[in-house]
Amino acid sequence: MKSNKLSLKNIHHVYGQERQAGTEAIRHIDLEVRDGELLAIVGASGCGKSTLLNIMCGMIEPTGGEVKIDGERISSGSHRIGYISQTDTLLPWRKIDSNVALGLELEGISKRERLERARQMMALSGLKGFEKMYPHELSGGMRKRAVIIRALIQNPDIIFMDEPFGPLDVFTREALQKEILKMWGERKNTIVYITHDIAEAITLADRIVLLSRRPSVIKNEYIVDLERPRVIEECKYNPKFLQLEKQIWNDIKDELCDADME
Ligand SMILES: Nc1ncnc2c1ncn2[C@@H]1O[C@H](COP(=O)(O)OP(=O)(O)OP(=O)(O)O)[C@@H](O)[C@H]1O
Ligand SMILES: [Mg+2]
């Protein structure tokens, strides 16, 4: 049994609590994520998913509760964290290789080494030949791929991703999902990621957490009992997959209706 990588205790968050009517985004969340686990978080729009992810990676200090990575408070800053926000983009004035190598540059790694590592990562994710182009010269899916490998190049122990495949078409999504699964299979990082797409969560994750509507609590958790390595094109026809998809849709329905009416 693997140890816990990330631990959230009694998390509560209110935006603008100094004002009388602040927005209570998160009511109460306790969550443990195992070392090497791939955890997906799903929930209705506006329920607090991005808030929770930002709290997990230390970008937001919660108004209550505690976040620990490897047993240490996140505020210690000593963790290797990769983070892809919901709106992450590339820097338009930098070529793709130096965009991908940005984190290594901030770590102080020499130009030669960081560009070489960027070149290798780009080759692995189908971006070979585009190293010296600018972001506007790539397709939307290629740019997203570059954003993802920019987070992975530092080989973080734990990766937080907020709807990383959001605006992409189904073919690009599947290609990127395959890459994430391959990389995760090789490196065994811990991944926590948010998605609106229940089928995608089942395809990728070991476990899925469903958040209630705002102020969010954990409404349910599901273990994804599908064999690894998973073949993305095939696992969606597995009866276990279909059953779990139906169950999560049933559970999320009430949350969606209420959230939509707000
Ligand atoms: N910086 C902020 N200041 C004030 N309120 C905020 C802020 N960020 C988010 N909120 C509020 O907190 C609630 C949760 O927002 P959050 O972005 O976490 O939702 P989400 O589940 O990620 O939604 P989506 O699926 O649409 O991305 C919303 O009511 C939102 O208006
Ligand atoms: Mg969000």
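Trainee: Why are α5 and α6 called roughly parallel to each other?

Mentor: In this predicted model, the axes of α5 (residues 140-152) and α6 (residues 170-187) cross at roughly 15 degrees and come within 11 Å. Angles under 35 degrees count as roughly parallel, and α5 and α6 are therefore described in that way.

Trainee: Which residues make the contact between α5 and α6, and what is its make-up by class?

Mentor: From α5, the residues G141, K144, R145, I148 and L152 meet T172, L176 and M183 of α6. By class, this contact has 4 nonpolar, 2 polar and 2 charged residues, where Gly is counted among the polar ones. The crossing of α5 past α6 is right-handed.

Trainee: How do you know where the domains lie along the chain, and what separates their centres?

Mentor: The domain assignment gives domain 1 as 4-80 + 159-261 and domain 2 as 89-155, and their centres, taken over C-alpha atoms, are 26 Å apart. Domain 1 and domain 2 each bring 10 residues to the contact. On the side of domain 1 that touches domain 2, α6 provides the largest share, 5 residues, and by class that side has 6 nonpolar, 1 polar and 3 charged residues.

Trainee: What makes up the shell around ligand 1, by class, and which residues come nearest?

Mentor: The shell has 3 nonpolar, 9 polar and 2 charged residues, and of the 14 residues around ligand 1, those that come nearest are Y15, S45, K49, S50 and T51. At least two shell residues come from each of β2 (23-34) and α1 (49-56), with α1 giving the largest share, 3 residues.

Conventions:
Residues numbered from 1 in each chain as written. Chains lettered and ligands numbered in written order. Predicted model: local features only at pLDDT ≥ 70, side-chain atom pairs only at ≥ 80, totals over all residues. Near = placed C-beta within 6 Å. Helix = DSSP H or I, 4+ residues; strand = E, 2+ residues; numbered from the N terminus. Axes fitted to C-alpha atoms, helices over the stretch in contact; angles between N-to-C directions. Parallel < 35°, antiparallel > 145°, perpendicular 65-115°, else oblique. Left-handed = near helix turned anticlockwise from the far one by under 90°. Contact = placed C-beta atoms within 7 Å. Domains from an automatic or database assignment.
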